[in-house]
Amino acid sequence: MKKRPHKAGIERLCRLIFVLLILCFGVACAVRLCLAAPQTQHPVPSVLKPESTPADTIYHLSFLVTAINLAVFAVVFGLLVYVLIRFGRRAQDPNREPAQVYGSTQIELAWTVIPVLIVLVLFLATGRVIHGIQDARRPDSAAEVTAIGHQFWWEFRYPKYGVVTANELHIPVSDPSHPSPTFLKLLSADTDHSFWVPQLAGKTDLIPNRTNEMWMDPKSTGIYLGQCAQYCGTQHAKMLLRVTVETQTEFDDWIRQQQKPVTSTSNELPGQRVFEGTACVNCHAIEGTSANGRFGPDLTHLMSRSTIASGAAANTAENLRLWIQNPDAIKPGSLMPAMKLSEPDLDALVKYLKTLE
């Protein structure tokens, strides 16, 4: 028995509505997952929660691009639904073809002019954002930091203060009434890296033999998480970083603490001798000792950091001991060699490192 024409049309319409509902449900779920932030101690690294001028301008640009994309999608999908319903195969005449249209000036103008206008709008909006970020004025109150990407950790240098640290960047908050942004000079010690803290700024690459720059002016204090966003080797995924934004007073206190020399008591001298008598000195530096290596992080104030291994583990005595004895247990493929120390030497070394505050 043949289906009635109107009944077949209703069935096709129901199928299209069902597909559309599933699509809308999927989009709603995706948006919900993006907006839902798990309850953690620190802010989630999300581009949807900008806390700095560069991140905020990129955020608003992304909304414009998304709105245009959704409008194009709605028009194309609506036309597709209309064509399927209006010109779908009819049960009473399955071999009928719709009228063929050739040489329509109106249609050709529409599919040429409209895309050109869309691309022009996107080009102008993107160019405006790029110009505003890259050509921003550098005030006298701006802080300056040199960030160097290594496999697989971050080195931060404060030329004005003579401070060197690793993996955890400290910068002052920027008061909107008296802006004090932080400008970063980005260098690479080996291969391509990319500095990305989503809530503070966009991605900027670190390229060997080239100097790039970026800046951020965080509006509120806190810890902001970031990541190397350019594949740089085995442990790229664990080349993490964190930015601690502090009040100016807290930042000045941190700088003074980092400038203090290291002092060791007689109880820590055995561990210092182990450190200076092994290959540790070839990669690491500790002020006041013979260690002056540059291949690994500066350990002068190691215990002032909350993490080790570029954020892969909390900075505890147990993790520090494991990291020295078997780095692959925390960060497989890292360039840190296993030291294979005896138990007494390992105990003495960990005890010494715990004093480096």
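**Exercise 1.** Which residues in helix 7 meet which residues in helix 8?

*Solution.* The structure is a predicted model, in which local features need pLDDT of at least 70 and side-chain atom pairs count only at pLDDT 80 or more, while totals for chains, interfaces and linings use all residues. Residues are numbered from 1 along each chain as its sequence is written, and side-chain values use heavy atoms, with hydrogens and water left out. Taking contact as heavy atoms within 4.5 Å, A317, L320, R321, I324 and Q325 of helix 7 meet E343, L346, D347, L349, V350 and L353 of helix 8. By class, this contact of helix 7 with helix 8 has 7 nonpolar, 1 polar and 3 charged residues.

**Exercise 2.** Describe how helix 7 and helix 8 are oriented to each other.

*Solution.* Two packed helices are described by the angle between their axes and the distance between the axes. Helix 7 spans residues 317-325 and helix 8 residues 343-353, and the two pack at an angle of about 125°, with their axes 10 Å apart. Angles under 35 degrees count as roughly parallel, over 145 as roughly antiparallel, 65 to 115 as roughly perpendicular and the rest as oblique; helix 7 and helix 8 are therefore oblique to each other.

**Exercise 3.** Determine how many disulfides the structure holds, and examine C232 and C283.

*Solution.* With a disulfide defined as a pair of cysteine sulfur atoms within 2.5 Å, the structure holds 0 disulfides. C232 is in no disulfide, the nearest cysteine sulfur, that of C228, being 3.9 Å away. For C283, the closest cysteine sulfur is in C280, at 8.3 Å, which is too far for a bond.

Definitions and conventions: Axes fitted to C-alpha atoms, helices over the stretch in contact; angles between N-to-C directions. Helix = DSSP H or I, 4+ residues; strand = E, 2+ residues; numbered from the N terminus. Nonpolar A, V, L, I, M, F, W, Y, C, P; charged D, E, K, R; others polar.
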